[in-house]
Amino acid sequence: RTDVRLRRVALSSLGRFHELIAKNDRALKLLIGTLRDSDFDGVVAPALSALFAVAVPKSFEKELLALVETSRHGAVRHFAIRRLGAIVTPKTTKRLVETLSLDDPKARELAAEALKNHPQAVDALVARLAVVKERPAAEVVTAALSAHRERIKKTHIAKLAQRALDAIDEN
C-alpha cells in the first residue's frame, strides 16, 4: 500500500515539471511505460496527467502505436491517438485509419480529428468510406476526409458517387 501511495505522489509531482519532462527522453520513456500498469488510479491516471501537458516527440511513435493497440485503459488509448495526430508517418496514418473501425466511439472521434493532420490519409479514408455500412461510422470518416477537401481527386469523387448509388440500390 505504501508503495502505491508513494508512486502516486511521485507521479503527481512529475506533472508539475512538464517543461523538464518534455526535454528529457528518459523521463518520457518512464512515464509512457507506466501507462501499461494495471493500477489506473494509482499509477496510470497520474502519469497521464503529467503527460497531457507534454508534446511527445516522433521518436516515441512505436510506443504510442503499441498503446493504441494493446492498452486496457480507454484513457491511455485516447491519449496515444491524440499524440499520433502530430506524428505524420505512414505507420501512424495506417493505425489511425484502422482506429476508425474500433467499437470505442471516443477513439473513432479522436482518430478522425488526428487524421486531419495527415494529408496522405486521403486514399485510405476514401477506401474506408467506400466500405462502411453504418451512418455513424461514415460520418466519422467524412469528418476526417473533409479536412483534406483540396486533396480529393476526381477519381475519389467518382468512387464515392458509385458507392452512394450502390447504397441506394441496396435499399
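Modeller: A salt bridge here is a side-chain nitrogen of Lys or Arg within 4 Å of a carboxyl oxygen of Asp or Glu. Keep that in mind as we go through this predicted model.

Biologist: Gladly! What makes E113 and K116 a salt bridge?

Modeller: Their closest N and O atoms are 3.2 Å apart, and the cut-off is 4 Å, so the pair qualifies.

Biologist: Why is K116 called partly exposed?

Modeller: Its relative accessible area is 33%. Buried means under 20% and exposed over 50%, so K116 falls in between. E113, at 47%, is partly exposed too.

Biologist: And how do you know that K106 and E109 are separated by about one helical turn?

Modeller: Because they are 3 residues apart in helix α8. Their side chains also meet in a salt bridge, with 4.0 Å from N to O.

Biologist: Why is K62 called exposed?

Modeller: The value for K62 is 69% and the threshold is over 50%, so the name fits. K62 lies in helix α5 and helps form a positive surface patch with K29, R36 and K91.

Biologist: Helix α5 also holds E61. Why does E61 have no salt bridge?

Modeller: The nearest side chain of opposite charge, K58, is 5.9 Å away, and a salt bridge needs 4 Å, so that pair does not count. E61 is buried and touches L84, I87, T89, K91 and T92, among residues beyond four places away in sequence.

Biologist: What does E69 form with R95?

Modeller: A salt bridge, at 3.0 Å between the closest N and O atoms. That pair links distant parts of the chain, helix α5 and helix α7, 26 residues apart.

Key:
Residues are numbered from 1 along each chain as its sequence is written. This is a predicted model: local features need pLDDT of at least 70, side-chain atom pairs count only at pLDDT 80 or more; totals for chains, interfaces and linings use all residues. Side-chain values use heavy atoms; hydrogens and water are left out. Helices (H or I, at least four residues) and strands (E, at least two) are DSSP runs, numbered from the N terminus. Buried means under 20% relative accessible area, exposed over 50%, partly exposed in between (1.4 Å probe, protein chains only). Lys and Arg count as positive and Asp and Glu as negative; His and the chain ends are not counted. Contact means heavy atoms within 4.5 Å. Patches are made of residues with over 30% relative accessible area and no salt bridge: like charges are joined within 9 Å, nonpolar side chains (Val, Leu, Ile, Met, Phe, Trp, Tyr) within 5 Å. Accessible areas come from the Shrake-Rupley method with a 1.4 Å probe; for residues, only the protein chains shown count as cover. The place of a charge is taken as NZ of Lys, CZ of Arg, CG of Asp or CD of Glu.
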